[in-house]
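Colleague: I have this model open and would value a close look at one part of it, the interior. Could you take me through how it is put together, starting from a single buried spot and working outwards?

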Amino acid sequence: MVRLTMDLIAKSAGHKNRSEEDFGHYVQKLTHLNLSDKNIDSIGDLSFCKNLRVLYLYDNQINQIQNLDFASNITHLYLQNNRISSIENLSPLKKLEKLYLGGNYITVVEGLDKVGELRELHIESQHLPPGEKLLFDPVSLNSLAKSLSVLNISNNNIDELEELAVLENLSYLKAVDNRLKHMKDLEGVLKKWTKLRRIDLTGNPICQKPKYKDRIIVHSLTLESLDGKEIQEMERRFLMNWKASRAARKKSNERKTDEQAANVEF
C-alpha cells in the first residue's frame, strides 16, 4: 500500500532529482493535483499545498478522510471508488463546492454540517450491507439546505425522498436504480423543490406507475427534464389544462351531489 505524502507528489510530478527549494516553490503554486489510481491507502501531510483547488484521489484504497486541515482553498474533491466508510474531517474545507464520494462504503450521509458552500454532492452506488439503504443525517441536510443544487444518490436502495425536501435550492436530482415506488410521496416533495430543473428516476418501481410522467410534470412547474428527456412546454400546457378541466368537472359533480342531497332532505 502507498501513503500519500510530499515524496509521492514529487515522484508523480517528476521532481525527484530537483532541489528542495525548487520543489517547495512548485507545491506552493499547485492548484490541481491528480493522484488517482495510485494504490494510495492513506492521506499523509500535504500542508505545503496551500493553494490546492482541485484534488483527484479516486480509484485508490483510502479508508479515511483525514489530514486535510491545510485544504482551506479546495473547491473540488474527488474520492470515488475508495474504501471510505465515514464522511468526516471536512470542516476545514470552507470553500468546498463539489464532493465526489461514489462507490465507497458510506452508510450515513453526515459530517457535512460545517461545509457551507457545497453545491454538488455525488454519493451514488455505496457498498451497503445487504438489505440496508443509504441514510441521511438531518443536521447535515439542514446545513446544505440553501447551498446544495446537485445531488446524485443513485443505486443506494432508497425508498423515499421526504427527508430531502429541506434542500430548497436543489436543481438536479439523480436517483437512478433505487426503490422509489409511491407517487404521493414524490408529489409532496416536488411541491417543495421550487427550483428543480432536472430529475432522473430511471430504474425505480415508480416509473411503472400509471401516468407517471404526466403526474410529475403537473406537480413540478419548473422541471425541464425528466429521466433524461426534455419536457416540451406544449406538453406541460396540455397537461395543466387537462388537470384544471378534471378539477372543474369534479367540483361540478360535487356541487350537483350536494344539491341533490339538499333536495332529498327538503
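**Inside the fold**

Modeller: Happy to. Leaving out residues up to four places away in sequence, Ser-140 touches Val-109, Glu-110, Gly-111, Leu-112 and Asp-113. Please keep in mind that this is a predicted model. Ser-140 sits in helix 3, and its relative accessibility of 1% counts as buried, since the cut-off is under 20%. Ser-140 and Gly-111 are 29 residues apart along the chain, yet their C-alpha atoms are separated by 6.5 Å.

From there, let us widen the view. The chain has 266 residues, of which 44% are buried, and its secondary structure comprises six helices and 14 strands. Among contacts with a separation of 6 or more, 42% are between residues 24 or more positions apart. The accessible surface comes to about 14500 Å², with carbon and sulfur atoms contributing 47% of that area.

Now to the core itself. In soluble globular proteins, nonpolar side chains tend to be buried together. Here the largest nonpolar core has 73 residues, and the members that touch the most others are Ile-9, Leu-77, Leu-90, Ile-153, Leu-161 and Trp-193. Two or more residues of this core come from each of helix 1 (6-12), helix 2 (20-29), strand 3 (40-43), helix 3 (138-144), helix 4 (183-192) and helix 5 (212-219).

Two of those well-connected members are good places to stop. Ile-9 belongs to helix 1 and is buried, at 1% relative accessibility. Beyond four places in sequence, Ile-9 touches Leu-4, Phe-23, Val-27, Leu-30, Leu-33, Leu-35, Leu-46 and Cys-49. From Ile-9 to Asn-34, 25 residues apart in sequence, the C-alpha distance is 9.2 Å. Cys-49, one of the contacts of Ile-9, is itself buried, with a relative accessible area of 1%. Cys-207 also counts as buried, at 19% relative accessibility, and the structure holds zero disulfides.

The other stop is Leu-77. Its contacts, setting aside neighbours within four places in sequence, are Leu-55, Leu-68, Leu-90, Leu-93, Leu-96, Lys-98, Leu-99 and Tyr-100. Leu-90 in that list is also one of the core members that touch the most others. Leu-99 has a further tie to Leu-77: in strand 6, it is the bridge partner of Leu-77. Strand 5 and strand 6 (residues 98-100) run parallel and are joined by three bridges.

That pairing is part of a wider sheet. It is open, with mixed pairing, and its 10 strands follow the order 2-4-5-6-8-10-11-12-13-14. Strand 2 (32-34) and strand 14 are the edges, each pairing on one side only.

Two loops between strands of this sheet deserve a look for their backbone angles. Asn-67 lies in the loop between strand 4 (54-56) and strand 5 (76-78); its phi is near 55°, a positive value in a residue other than glycine. At 35% relative accessibility, Asn-67 counts as partly exposed. Gln-66 is in the loop between strand 4 and strand 5 as well, and apart from neighbours within four places in sequence it is in contact with Ser-42, Ile-43 and Asn-89. The C-alpha atoms of Gln-66 and Asn-89 are separated by 5.9 Å, with their positions 23 residues apart along the chain. The second loop, between strand 13 (225-226) and strand 14 (229-230), holds Asp-227, and phi of Asp-227 is near 55°, again positive in a residue other than glycine.

Finally, helix 4 shows how one element of the core divides between inside and outside. Met-183, Leu-186, Glu-187, Val-189 and Leu-190 are buried in this helix. Down the helix axis these buried residues fall within an arc of 165°, so they line one face of helix 4. An α-helix has 3.6 residues a turn, so residues three or four places apart point the same way. On the other side of helix 4, Lys-184, Lys-191 and Lys-192 are exposed. The cover over its buried residues includes strand 12 (198-200) and helix 5. Strand 12 is one of the strands in the open sheet, while helix 5 is among the elements that give two or more residues to the core.

Terms used: Residues are numbered from 1 along each chain as its sequence is written. This is a predicted model: local features need pLDDT of at least 70, side-chain atom pairs count only at pLDDT 80 or more; totals for chains, interfaces and linings use all residues. Side-chain values use heavy atoms; hydrogens and water are left out. A nonpolar core is a set of buried Ala, Val, Leu, Ile, Met, Phe, Trp, Tyr and Cys residues joined through side-chain atoms within 4.5 Å. Buried means under 20% relative accessible area, exposed over 50%, partly exposed in between (1.4 Å probe, protein chains only). Helices (H or I, at least four residues) and strands (E, at least two) are DSSP runs, numbered from the N terminus. Contact means heavy atoms within 4.5 Å. The arc is that of the directions from the helix axis to the C-beta atoms. Accessible areas come from the Shrake-Rupley method with a 1.4 Å probe; for residues, only the protein chains shown count as cover. A disulfide is a pair of cysteine sulfur atoms within 2.5 Å. Two strands pair if DSSP finds at least two bridges between them.
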